[in-house]
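Open the model in your viewer and keep the sequence beside it. The tour below goes from the whole chain to its pockets and then to a cavity.

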Amino acid sequence: MAVFAANGSLPDRSGGSRPVNSISTSNNLRILTELFGGLQPAKTLEIGLAFGASATLLLDLHRQAGHEGVCHHAIDPLQESLWGGCGLLHLEQQGLRDGLDLHACDSSLALPRLLERGERFGLIYIDGSHRFDDVMVDFFFAHRLLEVGGVIVLDDYSDVRIAKVVRYLRRNHGSEYDELSPYAITDLSRAWIKSIAARLLGRQQTVIFRKVSAPPMDWSKPLVDF
């Protein structure tokens, strides 16, 4: 996989280049790699393509696993406009484009279409719009698109809007999800301490939830304030 650097640049569709200023961190890419290795998901989904660092990683992991056809979906209405097609162009150069289904529209439109088509995913990475209502809609559909046993990864947890969605998830879907530590589990006690410290200091960037059950919809279930 090509190395992305925050101070580097990538070619765009116009023949020029764009400074790489909005990509998944190296720690996030490590987390996605570890999760993929443990889950071996047949299909993955991400909201937010941008320069394509996480898409490149996930598609390369699918290729190494021997998965064929479209195995990764990405949603990004601004890929050609704001990002100049950098992400797609990079995937083409890496020979990974055929494994991607790009949905060039808002996630509020793309996600229900995927649900209607019967798509299901083993790993979903939410890193698109940071507006509270957008992220809430992203989780609403990701919850339904995620297979039992699969994981949802939310980036930028230090953003108060995303943190509010995470509080909703913890307090209203806690019985359906296990929260996993974003730190390497080489020493469970150490990872737990680091996770708590980072959360208290407002420095934790990534939260991970593994879906453990999918109970029938209970219309009488009360809302827990978040």
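What percentage of the residues in the protein chain is buried? The chain has 226 residues, and buried ones make up 46% of them. Bear in mind throughout that this is a predicted model.

**The whole chain**

Start with a cartoon view of everything. The protein chain holds 7 helices and 9 strands. Switch to a contact display if your viewer has one: among contacts with a separation of 6 or more, 79% are between residues 24 or more positions apart. Now turn on the surface. The chain exposes about 11,200 Å², and carbon and sulfur atoms supply 54% of that area.

**The largest pocket**

Select Ile47, Gly48, Asp127, Gly128 and Ser129 and centre the view on them. The largest pocket, with a volume of about 580 Å³, is here, and these five are the closest to its centre among the 31 residues that line it.

Next, colour strand 3 (44–47), helix 2 (53–64), helix 4 (107–116) and helix 5 (132–145). Each of these elements supplies at least two residues of the lining of the largest pocket. Colouring the lining by class gives 12 nonpolar, 11 polar and 8 charged residues.

**The second largest pocket**

Which residues should be selected to find the centre of the second largest pocket? Pick Arg144, His173, Glu176, Met217 and Lys221, the closest to the centre of the 20 residues in its lining. The space in this second largest pocket comes to about 490 Å³.

Keep helix 5 coloured and add helix 6 (160–172): these are the elements that give two or more residues to the lining of the second largest pocket. Helix 5 gives the most, with 5 residues. By class, the lining of the second largest pocket divides into 11 nonpolar, 4 polar and 5 charged residues.

**The cavity**

How many cavities of 30 Å³ or more does a search of the whole structure find? The search finds 1, and the largest cavity has a volume of about 30 Å³.

To see where the largest cavity lies, select Ile126, Asp127, Gly128, Ser129, His130, Val135, Asp155 and Ile162, which line it. This lining has 3 nonpolar, 3 polar and 2 charged residues.

Finish by leaving Asp127, Gly128 and Ser129 selected. They line the largest cavity, and they are also among the residues closest to the centre of the largest pocket.

Definitions and conventions
Residues are numbered from 1 along each chain as its sequence is written. This is a predicted model: local features need pLDDT of at least 70, side-chain atom pairs count only at pLDDT 80 or more; totals for chains, interfaces and linings use all residues. Side-chain values use heavy atoms; hydrogens and water are left out. On a 1 Å grid over the protein atoms alone, a cavity is a set of points where a 1.4 Å probe fits but cannot get out, and a pocket is an open set with protein on both sides within 12 Å along at least five of seven lines; lining residues have an atom within 4 Å of a point. Grid points are joined across faces, edges and corners, and a volume is the space filled by probe spheres set on the points. Helices (H or I, at least four residues) and strands (E, at least two) are DSSP runs, numbered from the N terminus. Ala, Val, Leu, Ile, Met, Phe, Trp, Tyr, Cys and Pro count as nonpolar, Asp, Glu, Lys and Arg as charged, and the others, Gly among them, as polar. Buried means under 20% relative accessible area, exposed over 50%, partly exposed in between (1.4 Å probe, protein chains only). Contact means heavy atoms within 4.5 Å. Accessible areas come from the Shrake-Rupley method with a 1.4 Å probe; for residues, only the protein chains shown count as cover.
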